[in-house]
Amino acid sequence: MPITVLLGAQWGDEGKGRITDALAESADIVARFNGGDNAGHTITINGAVFKLHLLPSGVFRPGCLNIIGNGVVINPVNFLKECDALAAGGFPITPDNLQISEAAHVILPGHVALDAARESTHGGLGTTRRGIGFAYSDKAARIGLRAGLMRRPDQFAQAVRAHTQRVNQILARDYGCPSLDADALAEQYAHAAQRIAPYVTNTARTLHRALAEGKRILAEGAQAALLDIDHGTYPFVTSSNATVGGVLTGLGVPAQAIDRVVGTAKAFCTRVGDGPFVTELDGELALRLRGSGANPWDEYGATTGRPRRVGWFDAVALRYAAQINGFTELALTKLDILTGLDQVLICIAYDHHGERLTDFPQDSAVLAECRPIYEALPGWSEDVRQARCFDALPAAARAYIARIEALANVPVTMVSVGPERDQLIRR
Ligand code: IMP
């Protein structure tokens, strides 16, 4: 069966971009099924660094069709900016290599303004301020705008105006914020709609035909299990399903078509935004894992530039992600960053007021009270960045990976040891 799913197994930023890029090599179609331009996938090609927010990672593979599915929310202006930047970098986007679902919802400036306004209050969650939650709220409330409307720019402009006027009332009433210019935005978005309309189509139909023809489809997840609206650390989550169920609803494909579910986990943990993080580190070690920001791979948000919170590997959380998603394999990224540590710690259970928990608590208040119970493994000092096969890794690194496999009960089939395309070990 032809659908491979690629998902984040932690709190996002696991390096999904580089794994999708590798898997896209053998895919006819790469399809995004959730989230919006809150995502930030970094891909390095011959030293050039590209940051994708909304576009699927198959845009770098000639002949690959990319799909933005109905489960995605699209900011039209940011979408066009991303297309223009890629075209300037030698990767043109056309309706031949990209389709947008007519049922995908549109993010408007009103959504972004509401997100920013709420973030500046005490109720903020540390969002990316891209309007994600407010666009999905409108979708669920059945007052959202779908991408299909962009094929009728006049009606789209009218809807943008009406939406902005409605949001202006909320901005003034709830946050004391100034109004957005509804007429100017209607005009700006009508122009954007004209450029985007040729990409908009029935992508579920495209996918069904591709399945019938036996084409290989890669479903590319944004965000990750612990940011999933249902299974993550609510309310410190994003507003879509970043777990495997999101593939079915966000693309309109049948469950039986999925035969491979790859979870991507970083060799340690990171998180941006607020919310509980049991293995979080501070001090010297945190600075060491985060990096200074001088390198593109240092731990600073690809979308917001915020320093990421960092911590030891959390096997309790990974096991939970594996259970929800049914990972058939794991890709472990950034192993090279752990080189040079005397010992590496893995969290194998939580201590909650004296009780040992081995299941990840769904209640964020409980999770916030948990303390990590660690197992220490020897570190390694050998440079792993040149390793191209598993056996070339130091014995201590192999033991670390083996322990993660055993704790998650999922085989690690890919290990990345650096950002370049060839710094990926496949087993
Ligand atoms: P939102 O998706 O912008 O509403 O943000 C909700 C939470 O998800 C915040 O904690 C964000 O930092 C986090 N988040 C959203 N997208 C990503 C991502 O691609 N990587 C990591 N964290 C993310």
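**Exercise 1.** In this predicted model, determine how many salt bridges cross the interface of domain 1 and domain 2, and examine the pair Asp 37 and Arg 130.

*Solution.* Step 1: place the residues. Domain 1 comprises 3–101 + 203–262, and domain 2 comprises 105–196; Asp 37 therefore belongs to domain 1 and Arg 130 to domain 2 under this assignment. Step 2: apply the criterion, a side-chain nitrogen of Lys or Arg within 4 Å of a carboxyl oxygen of Asp or Glu. The closest N and O atoms of Asp 37 and Arg 130 are 3.1 Å apart, and the pair forms a salt bridge. Step 3: state the total. The rule finds two salt bridges across this interface.

**Exercise 2.** Identify the elements that give two or more residues to the side of domain 1 that touches domain 2, and describe that side by residue class.

*Solution.* Step 1: the elements are strand E6 (73–74), helix H2 (76–88) and strand E7 (98–101). Step 2: H2 provides the largest share, six residues. Step 3: by class, this side has ten nonpolar, twelve polar and two charged residues. Step 4: seven residue pairs are in polar contact between the two domains.

**Exercise 3.** Quantify the contact between domain 1 and domain 2, and name the three residues that supply the most buried area on the side of domain 1.

*Solution.* Step 1: 24 residues of domain 1 are in contact with 19 residues of domain 2. Step 2: the two domains bury about 1,800 Å² between them, with 64% of this area on carbon and sulfur atoms. Step 3: Val 73, Pro 76 and Leu 80 supply 29% of the area that domain 1 buries against domain 2, more than any other three residues.

Conventions:
Residues numbered from 1 in each chain as written. Predicted model: local features only at pLDDT ≥ 70, side-chain atom pairs only at ≥ 80, totals over all residues. Heavy atoms only, no water. Contact = heavy atoms within 4.5 Å. Buried area = accessible area lost by both parts, 1.4 Å probe. Polar contact = N/O pair within 3.5 Å; in protein donor to acceptor, adjacent residues only side chain to side chain. Helix = DSSP H or I, 4+ residues; strand = E, 2+ residues; numbered from the N terminus. Nonpolar A, V, L, I, M, F, W, Y, C, P; charged D, E, K, R; others polar.
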